Amino acid sequence: MSDAPIAVQNGSFLTLHYRLAGPDGDDLVNTFNDKPATLSIGSGELSPALESRLIGLTDGTRTTIELPAGEAFGPHNPEMLQRVAMKLMRELGDPDETWNVGDVVRFPTPDGQSSFAGVVRELDAGGEWILFDFNHPLAGQPVTFEVQLIGVL
């Protein structure tokens with residue numbers, strides 16, 4: 001059996017620590033102080049841009065990768081800003097619920113099997129609608145991706 005390092009490729013199963021930070025440097029995900037994460041390259045657990053940066057790295061590698069604005073989670077798409085009628089919000093959830101700018105609200109997918117999130121960006125002064133941003137919170141933003149590969153299978 002060889003002790004040569006194993007390089008990450010599509011389909012590799014990884015055990016790793018990683019940290020993902022936004023443009024302000026604040027951690028969004030950080031496993032370094034907890035148990036390591038496990039994932040499979042190509043399964044969609046990380047964005048394709050993050051996965052592509054892991055390809056070719058070998059077990060034992062620790063590195064920090066700076067991804068420019070929009071590369072990790074795509075550009076900010078203005079079409080993903082949508083007004084949702086307050087009437088529909090009341091029908092979907094608690095009729096007495098209130099929302100504030102910055103709140104994250106989960107919506108069911110049309111098939112009811114999953115959900116997606118939108119961030120409240122604006123509340124209509126007349127109470128008729130809420131403006132939601134359905135972009136990934138880091139869309140159009142630079143990110144820092146720090147990784148330590150513990151094992152590659």
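## Charges, shape and cores: worked exercises

**Exercise 1.** How far apart are the mean positions of the positive and negative charges of the chain?

*Solution.* Start with the counts: there are 9 positive and 22 negative charges. Next, take the mean position of each set; the two points lie 1 Å apart. Keep in mind that we're working on a predicted model here.

**Exercise 2.** Work out how the chain's radius of gyration sits against that of a compact globule.

*Solution.* First the reference: a compact globule of 153 residues would come out near 15 Å. Now the chain itself, which has 19 Å. Then look at the box along the principal axes, which for the C-alpha atoms is roughly 70 × 30 × 30 Å. As for burial, 35% of the 153 residues count as buried.

**Exercise 3.** In what order do helices and strands follow each other from the N terminus?

*Solution.* Count the elements: two helices and nine strands. Then read them off as β-β-β-α-β-β-α-β-β-β-β.

**Exercise 4.** Which elements give two or more residues to the largest nonpolar core?

*Solution.* Begin with the residues: this core has 22, and L14, L16, L54, L67, F145 and L149 touch the most other members. Now map the core onto elements: strand 1 (13-21), strand 3 (37-40), helix 1 (48-54), strand 4 (62-67) and strand 9 (143-152) each give two or more. Strand 9 gives the most, five residues. Zoom in on L54: leaving out residues up to four places away in sequence, L54 touches V8, L14, I41, L46, F145 and V147. Finally, don't miss the second, separate core of 10 residues, with V105, V120, I130 and F132 among them.

Terms used:
Residues numbered from 1 in each chain as written. Predicted model: local features only at pLDDT ≥ 70, side-chain atom pairs only at ≥ 80, totals over all residues. Heavy atoms only, no water. Helix = DSSP H or I, 4+ residues; strand = E, 2+ residues; numbered from the N terminus. Rg over C-alpha atoms; globule rule 2.2 N^0.38 Å. Buried < 20%, exposed > 50% of the residue type's maximum accessible area, 1.4 Å probe, protein only. Lys, Arg positive; Asp, Glu negative; His and termini not counted. Charge placed at Lys NZ, Arg CZ, Asp CG, Glu CD. Core = buried A, V, L, I, M, F, W, Y, C linked by side-chain atoms within 4.5 Å. Contact = heavy atoms within 4.5 Å.
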